[in-house]
Each structure stands twice: as structure tokens, then as C-alpha cells.
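Reader: Hi! I have just opened this one and could use some company while looking around. Shall we go through it together?

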Amino acid sequence: MAMGDPNQPMRTILVVDDSRTTLNTIGERLTALGYLTALADNGPEALDLITARGFDLVLLDLMMPVMKGIQVLAELRSRTETSDLPVIVVTARDDAGTAIEALAAGADDHLAKPVDFDVLVARIERTLARGRRIADLKRSNASLDARIAARAMELGEARAELADVRADRQRLAAEMARLRAA
């Protein structure tokens with residue numbers, strides 16, 4: 001089991017990097033910690049895997065051929081179903097501009113290569129914990145939305161009943177006035 005709460009299900013991580021060596025190293029080390037890992041060596045493959053399977057977190061390299069990591073990130077953030085998917089950018093570019101660009105594009109965190117594996121794991125755990133809190137909030141919001149909708153329906157029904165009672169009262173009052181006048 002991964003380093004978090006033993007009651008949590010196995011967490012799934014997609015590692016996206018054009019270097020097979022990096023993919024295999026990170027994949028093996030995360031698997032040894034109890035994470036279920038999948039590997040992709042390009043952006044389109046990563047997007048296909050995410051669409052087909054879904055993941056708890058993505059480790060994303062920025063510098064890749066075919067489709068840059070920033071493009072992958074932009075695509076993930078543009079989709080409703082992946083807009084909150086936790087993404088940690090891991091890149092060889094260690095300048096402040098790259099970090100700012102990644103964070104502005106929606107990355108949850110940024111690490112420069114070479115990565116200290118213990119730091120990476122700590123950031124993965126923190127990001128996964130935040131992802132769980134966001135998922136819990138979404139479930140709570142959906143539950144509240146359902147309760148609000150049910151209450152709105154009840155209120156609408158009560159208003160309709162009240163309108164019927166008022167109409168009956170007006171009819172009775174009119175009938176009583178007619179009988180008094182007769």
C-alpha cells in the first residue's frame with residue numbers, strides 16, 4: 001500500500017516522460033511504494049490512457065516531442081472530467097519562468113530534474129491528499145445540490161397546494177356572499 005492511509009484504495013499514477021529510463025525508474029520506485037503506475041512516453045498516449053482509465057495523479061514532463069507537456073496540461077484542464085485531475089510537472093527546465101508557466105497552465109506542483117525521489121513522494125502524497133479533499137467536496141456539493149432540488153420541488157408543490165386552498169377559499173367566500181344576498 002502507498003504511504004498514505006492504509007484504508008485508502010491503491011492510488012493510480014500516470015507517469016508521462018519521453019525518456020524510457022526516467023519512466024522505468026520512477027515507475028518501478030512508485031510501484032515498490034504500493035502505487036499502481038502506468039507509463040506513457042508521449043502526450044497523445046497519455047491523454048488516451050487518461051480518457052480510457054482515469055488516474056488519481058499525473059506526473060508530467062514538459063519537454064516531449066509530438067505534444068509538449070503544457071499542451072497536455074491545457075487539454076486536461078479544458079475537459080470537465082479532468083479539470084481537477086492532480087498534475088505534478090517534472091521537467092529538466094529549472095528556471096522560474098518554466099515553473100510559473102506550468103503553474104499558470106494549471107499544474108498543481110512543479111519539480112525540476114534531477115528529482116530527489118523522497119521529495120517527489122512527499123509532493124505526491126500532499127497532492128493526492130488535496131485531490132481527495134476536492135473529490136469529497138464535489139460529492140458533498142452534489143449531495144447538497146440534490147437536497148436543494150428536492151426542497152425546491154417540495155416548495156413548488158406547497159405553493160401549488162396553497163394556491164388551490166386560496167382558490168377554494170375565494171370560491172367559498174363568493175358562494176357565501178351569493179347565498180347571503182339571496
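Reader: Which residues of β4 are buried on one side and which on the other?

Author: Val 87, Val 89 and Thr 91 are buried on one side, and Ile 88 and Val 90 on the other, so to speak both faces of β4 are covered. Buried means under 20% relative accessible area, exposed over 50%, and partly exposed in between, with a 1.4 Å probe and protein chains only. Strands such as β4 are DSSP runs (E, at least two residues), and helices are runs of H or I with at least four, numbered from the N terminus.

Reader: Why two sides in a strand?

Author: In a regular strand the side chains alternate between the two faces of the sheet.

Reader: Good to know! Is this a predicted model, and what should I keep in mind?

Author: This is a predicted model, in which local features need pLDDT of at least 70, side-chain atom pairs count only at pLDDT 80 or more, and totals for chains, interfaces and linings use all residues. Residues are numbered from 1 along each chain as its sequence is written, and side-chain values use heavy atoms, leaving out hydrogens and water.

Reader: What is the average pLDDT of the protein chain?

Author: The average is 90, and 96% of the residues score at least 70; pLDDT is the predictor's confidence in each residue, from 0 to 100. Among the elements, strand β3 (residues 57–60) has the highest mean, 98, and helix α5 (residues 117–181) the lowest, 89.

Reader: Back to β4. In what sense does β4 pair with β3?

Author: In the parallel sense, over 3 bridges; strands pair if DSSP finds at least two bridges between them. Leu 60 has Val 89 of β4 as its bridge partner. The chain gets from β3 to β4 through α3, in a right-handed β-α-β crossover. Right-handed means that, with the strands pointing away from the viewer, the path from the first strand over the helix to the second runs clockwise.

Reader: And over how many bridges do β4 and β5 pair?

Author: They pair over 4 bridges, in the parallel sense, and Ile 88 stands opposite Asp 109 in β5. Here the chain crosses through α4, and this β-α-β crossover is right-handed.

Reader: Which residues of α4 are buried?

Author: In α4 (residues 96–104), Thr 98, Ala 99 and Ala 102 are buried. Seen down the axis, the buried residues fall within an arc of 100°, so they line one face of the helix; the arc is that of the directions from the helix axis to the C-beta atoms. They pack against α3, β4 and β5, with contact meaning heavy atoms within 4.5 Å. On the other side, Ala 96, Ile 100 and Ala 104 are exposed.
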